[in-house]
Amino acid sequence: MTTWMSGVCETNGINIHYLRTGGANRPVVLLHGLMGNGACWTPLARVLEGESDVVMPDARGHGGSSTPHHGYRYDDHANDVVGIIRGLELSRPVLLGHSMGGMTAAVVASRGTGGLRGLILVDPTFLSPERQREVRDSDVADQHRRALGLHKSDLVAQARARNPHRSPEIIDLLAEARLNTRLGAFDVLTPPNPEYRDVMSAIDVPTLLVIGDRSPVVTLEMAMELRSLNPRVRIEQVQNAAHGLPFDQPERLGAVVVQFLRELT
């Protein structure tokens, strides 16, 4: 990672920090989930950097990016992504997003902005209105508030106990990202989310939907429904993975992403 570039893109009145592998290859923009940052994509970026110019931004309220007083809804995040694409002059990028980043990527693609070549959604936060309210009313923000008072070593120990199969590198990156996530970022959990069926129906680029067989978010049944709404959607289900698919099965995710990228024109 020492050879990767670190930069700041000014857009929408704020600064968006990003990592970038560089090179003359086609650009791929990786969008992380809530409590993540661009560096959390390090294992996948290593797989992709030989064939792609990988850009890994920190969403507003995360990592090294600005923390405005308001503006954490999906439209705001989508505006930032379009600003990054234009600010860095990325030509026909592929957007890849996980969780919150997946919904953000889908919103960008549904607008037809950004001149996208393709879209990869990894268990995006496609939630029913009822589930959105459940998440909002849960104690996830309070849990994060308490986590911000812990040392990184404590977070790492907790994560190792919960996910013993994950690599020490990923656990360390996620702990660091969590400590650099501001509480304002949790405003993205406020309903309503964009209506995911409408969003998916409006997308007109090749789309890969990657889900885990244990995901509580996008089930195989929901994925099949989305493909019936939009024939450009391809489904890939990864075994032994839940919502944290990029961290549970990074090698498998890398393989399906590389295959999809190679098939795009």
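**Exercise 1. In this predicted model, decide whether Arg 131 is buried, partly exposed or exposed, and find its salt-bridge partner.**

Solution. Begin with the accessibility of Arg 131, whose relative accessible area is 36%. Buried requires a value under 20% and exposed a value over 50%, so Arg 131 counts as partly exposed. Next, look for an acidic side chain: that of Glu 134 meets the side chain of Arg 131 in a salt bridge, at 3.2 Å from N to O. Glu 134 is itself partly exposed, with a relative accessible area of 47%. Finally, place the two residues in sequence: they are three residues apart in helix α4, so about one helical turn separates them. The general principle is that side chains of opposite charge can pair when their charged atoms come close.

**Exercise 2. Find the salt bridge that Glu 51 makes, and work out which parts of the chain this pair ties together.**

Solution. The side chain of Glu 51 meets that of Arg 262 in a salt bridge, with 2.4 Å from N to O. Now locate each end: Glu 51 belongs to the loop between α1 and β4 (52–57), whereas Arg 262 belongs to helix α11 (residues 250–263), so the salt bridge ties together parts that lie 211 residues apart in sequence. Then compare each accessibility with the cut-offs: Glu 51, at 41%, is partly exposed, while Arg 262, at 57%, is exposed. For the wider setting, a search of the whole structure gives 18 salt bridges, and a network of such bridges links Lys 152, Asp 172 and Glu 176.

**Exercise 3. Describe how strand β3 is covered, and establish which strands it pairs with and in what sense.**

Solution. Take burial at the outset: five of the six residues of β3 are buried, which leaves the strand mostly covered. Turning to its pairing with β4, four bridges join the two strands, which run parallel, and Pro 27 stands opposite Asp 53 in β4. The pairing of β3 with β5 is also parallel and extends over four bridges; here Val 28 stands opposite Val 94 in β5. As a last step, follow the chain from β3 through α1 to β4, and these three elements make a right-handed β-α-β unit.

**Exercise 4. Identify the backbone features of Met 35, Ser 99 and the bond between Pro 191 and Pro 192 that deserve a second look.**

Solution. As background, most residues other than glycine have a negative phi, and most peptide bonds are trans. Against this, Met 35 has a positive phi near 75°, and it sits in the loop between β3 (26–31) and α1 (42–48). Ser 99 likewise has a positive phi, near 60°, and is found in the loop between β5 (94–98) and α3 (100–111). Ser 99 is also buried, with a relative accessible area of 11%. For the peptide bond, Pro 191 and Pro 192 are joined in the cis form, with omega about 0°, and Pro 192 lies in the loop between α7 (168–179) and α8 (196–201).

**Exercise 5. Characterise the largest pocket and the two cavities by volume and lining.**

Solution. Start with the largest pocket, which has a volume of about 1,300 Å³. Its lining comprises 42 residues, and those closest to its centre are Leu 34, Met 35, Ser 99, Val 140 and His 243. By class, this lining holds 20 nonpolar, 16 polar and six charged residues.

Proceed to the largest cavity, with about 120 Å³ of space. Of its 14 lining residues, Leu 31, Ala 59, His 77, Val 81 and Thr 104 are closest to its centre. Helix α2 gives the most to this lining, with four residues, and the lining as a whole divides into seven nonpolar, four polar and three charged residues.

End with the second largest cavity, which holds about 50 Å³ of space. Its lining residues include Cys 40, Trp 41, Ile 170 and Phe 247, and the elements that give two or more residues to it are α1, α10 and α11. Sorting this lining by class gives nine nonpolar residues, with no polar and no charged ones.

Note on methods. Residues are numbered from 1 along each chain as its sequence is written. This is a predicted model: local features need pLDDT of at least 70, side-chain atom pairs count only at pLDDT 80 or more; totals for chains, interfaces and linings use all residues. Side-chain values use heavy atoms; hydrogens and water are left out. Buried means under 20% relative accessible area, exposed over 50%, partly exposed in between (1.4 Å probe, protein chains only). On a 1 Å grid over the protein atoms alone, a cavity is a set of points where a 1.4 Å probe fits but cannot get out, and a pocket is an open set with protein on both sides within 12 Å along at least five of seven lines; lining residues have an atom within 4 Å of a point. Grid points are joined across faces, edges and corners, and a volume is the space filled by probe spheres set on the points. Ala, Val, Leu, Ile, Met, Phe, Trp, Tyr, Cys and Pro count as nonpolar, Asp, Glu, Lys and Arg as charged, and the others, Gly among them, as polar. A salt bridge is a side-chain nitrogen of Lys or Arg within 4 Å of a carboxyl oxygen of Asp or Glu. Two strands pair if DSSP finds at least two bridges between them. A crossover is right-handed if, with the strands pointing away from the viewer, the path from the first strand over the helix to the second runs clockwise.
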